[in-house]
Amino acid sequence: MTGERLQKVLAASGVASRRASEVLIKAGRVSVDGVVATLGQQVDVTSAEILVDGRPIGAAASPVYIAIHKPAGVTSTVKDRHADRTVLDFVPTALVPDGARIYPVGRLDQDSEGLILLTNDGDWSERVLHPRFGVEREYAVAVRQPLNPDQVAALVAGIALDEGLALLAAPLRAATGIETRRTAELLRPPPDAALTWYRATLAQGWKRQLRRMFAAVGVPIERLVRVRIGAVRLDGLTGGQARRLKAPEVRVLGAGQIQKVPSARRFREGRRRPHRS
């Protein structure tokens, strides 16, 4: 049988995403037939004994795709010795087939909340995460005071961060009253009624990107809630709840959504006042 790259085998078995599997291999945590593995190594999955941290990987489980509303204060990693709970603790066992090892598709900051996806499908996870597919993430952003026109203009034009120019994938806009009420109904604890809410969309995925962008214009974010990943929405999931993705949602995200970041547009502050929760 023709060999397969080890990181692909690990991803298919549900150990981790392909990128995370590469990290495991580089760290010397994977062995093949008793020998520490190397990145890019070809293995025969029908006969090779593959261990991760001394434990054999299982056969590829049925693919699992789950959406969860991560509460604030919960880490979005598989394991974290510094955290009381991780996002996996909120997944009902009924949603995960026996033997499946699921992991988060990307991360959501510990102090942020909202939609996060989990799977054991490494290839699907890669298509959702990789910037070349441009899968959008939409956020409900709450601040203490409405942004002034100069602050809005700076955010729409882009903020220089260490990684480069941080851009929004769609014009920043004030949240509608309906959007704000629906978001507030899902949050635990409920948000302060005095907060002003906006909607911001990203196609980039830099660490704490929106918090850093808003901080750069002198406006700290009070609540940050991811409400959408591609076509999958947070709707109906209160903090800590989870559900299986529907087949059309899986297909659309797995196909990727090629999108271009638009040029900065004028935010019509004068035509629409921000709604408060």
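Helices (H or I, at least four residues) and strands (E, at least two) are DSSP runs, numbered from the N terminus. The model shown in every view is predicted.

**Figure 1. The protein chain has seven helices and 17 strands.** The chain holds 277 residues, and 50% of them are buried. Its exposed area is about 14100 Å². Carbon and sulfur atoms supply 50% of that area. Among contacts with a separation of 6 or more, 72% join residues 24 or more positions apart.

**Figure 2. A cis peptide bond joins R188 to P189.** Omega of this bond is near 0°. P189 sits in the loop between α5 and β14. Helix α5 spans residues 177-186, and strand β14 spans residues 196-202.

**Figure 3. The largest pocket has a volume of about 1600 Å³.** Its lining is made of 46 residues. Nearest the centre lie S76, T77, P104, G106 and R107. Elements that give two or more residues to this lining are α2 (18-26), β8 (103-104), α3 (122-129), β10 (137-143), α6 (209-216) and β15 (223-229). Helix α2 gives the most, with four residues. By class, the lining of the largest pocket has 23 nonpolar, 10 polar and 13 charged residues.

**Figure 4. The second largest pocket holds about 230 Å³ of space.** The residues that line it number 13. Closest to its centre are E179, R182, R199, R233 and D235. Helix α5 supplies five residues, the largest share of this lining. Seven of the lining residues are charged, four are nonpolar and two are polar.

**Figure 5. The largest nonpolar core contains 37 residues.** In soluble globular proteins, nonpolar side chains tend to be buried together. Within this core, V141, L172, L210 and F214 touch the most other members. Two or more core residues come from each of β7 (65-70), β9 (113-119), β10, α4 (149-157), β11 (159-161), β14 (196-202) and α6. A second core, of 25 residues, is separate from it. V227, V232, L245 and L253 are included in this second core.

**Figure 6. L95 is a buried residue in a loop.** The loop in question runs between β7 and β8. L95 counts as buried because its relative accessibility is 13%, and the cut-off for buried is under 20%. Beyond neighbours within four places in sequence, L95 contacts V64, I66, A242, R243 and R244. Y65 is 30 residues from L95 in sequence. In space, the two are 9.0 Å apart, C-alpha to C-alpha.

**Figure 7. D53 has a positive phi although it is not a glycine.** The phi angle of D53 is about 55°. D53 is in the loop between β5 (50-52) and β6 (55-56). Relative accessibility of D53 is 40%, so this residue counts as partly exposed.

**Figure 8. R208 is a residue other than glycine with a positive phi.** Its phi is near 50°. R208 lies in the loop between β14 and α6. R208 counts as partly exposed because its relative accessibility is 32%. Partly exposed covers values between the cut-offs for buried, under 20%, and exposed, over 50%. Of the two elements beside this loop, helix α6 gives two or more residues to the lining of the largest pocket, and both β14 and α6 give two or more residues to the largest nonpolar core.

Note on methods: Residues are numbered from 1 along each chain as its sequence is written. This is a predicted model: local features need pLDDT of at least 70, side-chain atom pairs count only at pLDDT 80 or more; totals for chains, interfaces and linings use all residues. Side-chain values use heavy atoms; hydrogens and water are left out. On a 1 Å grid over the protein atoms alone, a cavity is a set of points where a 1.4 Å probe fits but cannot get out, and a pocket is an open set with protein on both sides within 12 Å along at least five of seven lines; lining residues have an atom within 4 Å of a point. Grid points are joined across faces, edges and corners, and a volume is the space filled by probe spheres set on the points. Ala, Val, Leu, Ile, Met, Phe, Trp, Tyr, Cys and Pro count as nonpolar, Asp, Glu, Lys and Arg as charged, and the others, Gly among them, as polar. A nonpolar core is a set of buried Ala, Val, Leu, Ile, Met, Phe, Trp, Tyr and Cys residues joined through side-chain atoms within 4.5 Å. Buried means under 20% relative accessible area, exposed over 50%, partly exposed in between (1.4 Å probe, protein chains only). Contact means heavy atoms within 4.5 Å. Accessible areas come from the Shrake-Rupley method with a 1.4 Å probe; for residues, only the protein chains shown count as cover.
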